[in-house]
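Me: Please take a close look at the salt bridges in this model. Which side chains pair up, and where do the partners lie?

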Amino acid sequence: MEVPGSSKKMIATQEEMVEAKVPLAYRDQCAHLLIPLNKCRQAELYLPWKCENERHSYEKCQYELVMERMLQMQKIREQSSLKEPQSKGAAIPLIPKTANA
């Protein structure tokens, strides 16, 4: 399944995510890595030193998604700044000048 605005594809289907009881907030392009991670965590009683490979691959996928969104937002900001040039005199100062200053 193709996700608009992202280079990663959805690998896990909705049925797989429902069956694995993945919360709605975590049903993104990295859900296919979260399903085996959660199974490993349950099998290993959530011991933090277990399932390191699965956790690392899931966290790397999440990091890549965040970086992709940041780059997209940076491009949008650059495009909007090119379209609307801001004059320095029209900017509202953060600290207002007092009458005696």
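Reply: What follows goes through the salt bridges pair by pair.

The model is a predicted one, and it holds three salt bridges. One of them joins Glu-64 to Lys-8, with the closest N and O atoms 2.8 Å apart. Because Glu-64 lies in helix α3 (residues 52-83) while Lys-8 belongs to the segment before α1 (14-19), this pair ties together parts that are 56 residues apart in sequence. As for solvent exposure, Glu-64 has a relative accessibility of 31% and counts as partly exposed, and Lys-8, at 22%, is also classed as partly exposed; buried would require a value under 20%.

Helix α3 also carries a salt bridge of its own, between Arg-55 and Glu-59. Here the closest N and O atoms are 3.8 Å apart, a distance that qualifies because the criterion asks for a side-chain nitrogen within 4 Å of a carboxyl oxygen. These two residues are four positions apart in the sequence, which is about one turn of the helix. Arg-55 is partly exposed at 30% relative accessibility, and Glu-59, with a relative accessible area of 43%, is likewise partly exposed.

The remaining pair is formed by the side chains of Glu-44 and Lys-50, which meet at 3.9 Å, taken from N to O. Glu-44 counts as partly exposed with a relative accessibility of 29%, and Lys-50 is partly exposed as well, its relative accessible area being 32%.

Terms used. Residues numbered from 1 in each chain as written. Predicted model: local features only at pLDDT ≥ 70, side-chain atom pairs only at ≥ 80, totals over all residues. Heavy atoms only, no water. Buried < 20%, exposed > 50% of the residue type's maximum accessible area, 1.4 Å probe, protein only.
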